Amino acid sequence: MTATASALVPIANKSQVAGLPEEVVLKPTVSAGSRDTSRFCVAEDRAALEVLLADIHASGRTAMLQPFLPSVDTLGESALLYADGAFS
């Protein structure tokens, strides 16, 4: 899902999270080394999420919002590198 400020719903408590998972990862659609990537509890970290989203947009980039997968904590994740459209 691509994140825009208007796509984030007003949240007063956990029961109003309107379809978002409890924990999400917000990051630029193009980045490396986890730069400008953070994990948030939607109901508790809304202000910090909005600050990062604004920072990403202010730098001219697009952000994406993903559900946090607990397996990333235990198993990690793999990065796929492409250069000029070709897998490297």
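## A salt-bridge network

R39 and D73 form a salt bridge in which the closest N and O atoms are 3.1 Å apart. Because R39 belongs to strand β3 and D73 to helix α2, this pair ties together parts of the chain that are 34 residues apart in sequence. The model is a predicted one. D73 has a relative accessibility of 54% and counts as exposed, since the term applies over 50%. R39, with a relative accessible area of 39%, is partly exposed.

R39 also takes part in a salt bridge with E23, where the N to O distance is 2.8 Å. Here too distant parts of the chain are linked, as E23 sits in strand β2 and R39 in strand β3, 16 residues apart. E23 counts as partly exposed, its relative accessibility being 28%. E23, R39 and D73 are thus linked in a network of salt bridges.

## A bridge between two loops

The structure contains four salt bridges. One of them joins D36 to R61, with the closest N and O atoms 2.5 Å apart. D36 is in the loop between β2 and β3, while R61 is in the loop between α1 and β4, so this pair ties together parts that are 25 residues apart in sequence. Are the two partners buried, partly exposed or exposed? D36 counts as partly exposed at 28% relative accessibility. R61 is likewise partly exposed, with a relative accessible area of 25%.

## Positive phi angles

Most residues other than glycine have a negative phi. Which residues have a positive phi although they are not glycines? D36, the salt-bridge partner of R61, has a positive phi of about 55° and is not a glycine. Its place is the loop between β2 and β3.

D84 also has a positive phi of about 55° without being a glycine. D84 lies in the loop between β5 (82–83) and β6 (86–87). At 84% relative accessibility D84 counts as exposed, whereas D36 is partly exposed, with a relative accessible area of 28%. A further positive phi, of about 85°, is found at G60, just after α1.

## Helix α1

Does the span of helix α1 agree or disagree with the expected value? Helix α1 runs over residues 46–58, and at 1.5 Å a residue its 13 residues should span 18 Å; the end C-alpha atoms are 18 Å apart, which agrees.

The buried residues of α1 are R46, L49, L52, L53 and I56. These residues lie on the same side of α1, because the arc they cover around the axis is only 130°. An α-helix has 3.6 residues a turn, so residues three or four places apart point the same way. On the face of α1 turned away from its buried side are the exposed residues A47 and A58.

Another residue of the helix, A48, can be placed relative to strand β3 through S38. The C-alpha atoms of S38 and A48 are separated by 9.5 Å, and the two residues are ten residues apart along the chain. S38 lies in strand β3 and is partly exposed, with a relative accessible area of 28%.

## The largest pocket

Rolling a probe the size of a water molecule over the atoms shows where empty space is left. The largest pocket has a volume of about 700 Å³. It is lined by 25 residues, of which K27, S31, S34, E77 and A79 are the closest to its centre. Which elements give two or more residues to this lining? They are β2 (23–28), β3 (38–41), β4 (63–67) and α2 (71–75).

By residue type, the lining of the largest pocket divides into 13 nonpolar, eight polar and four charged residues. Among the elements that contribute two or more residues to the lining are β2, β3 and α2. The salt-bridge network described above draws on these elements, with E23 in strand β2, and R39 in strand β3 and D73 in helix α2.

Technical notes
Residues numbered from 1 in each chain as written. Predicted model: local features only at pLDDT ≥ 70, side-chain atom pairs only at ≥ 80, totals over all residues. Heavy atoms only, no water. Helix = DSSP H or I, 4+ residues; strand = E, 2+ residues; numbered from the N terminus. Expected span 1.5 Å × (residues − 1). Buried < 20%, exposed > 50% of the residue type's maximum accessible area, 1.4 Å probe, protein only. Arc of directions from axis to C-beta. 1 Å grid on protein atoms, 1.4 Å probe; cavity = no way out; pocket = protein on both sides within 12 Å on 5 of 7 lines; lining within 4 Å. Points joined across faces, edges and corners; volume = space filled by probe spheres on them. Nonpolar A, V, L, I, M, F, W, Y, C, P; charged D, E, K, R; others polar. Salt bridge = Lys/Arg side-chain N within 4 Å of Asp/Glu carboxyl O.
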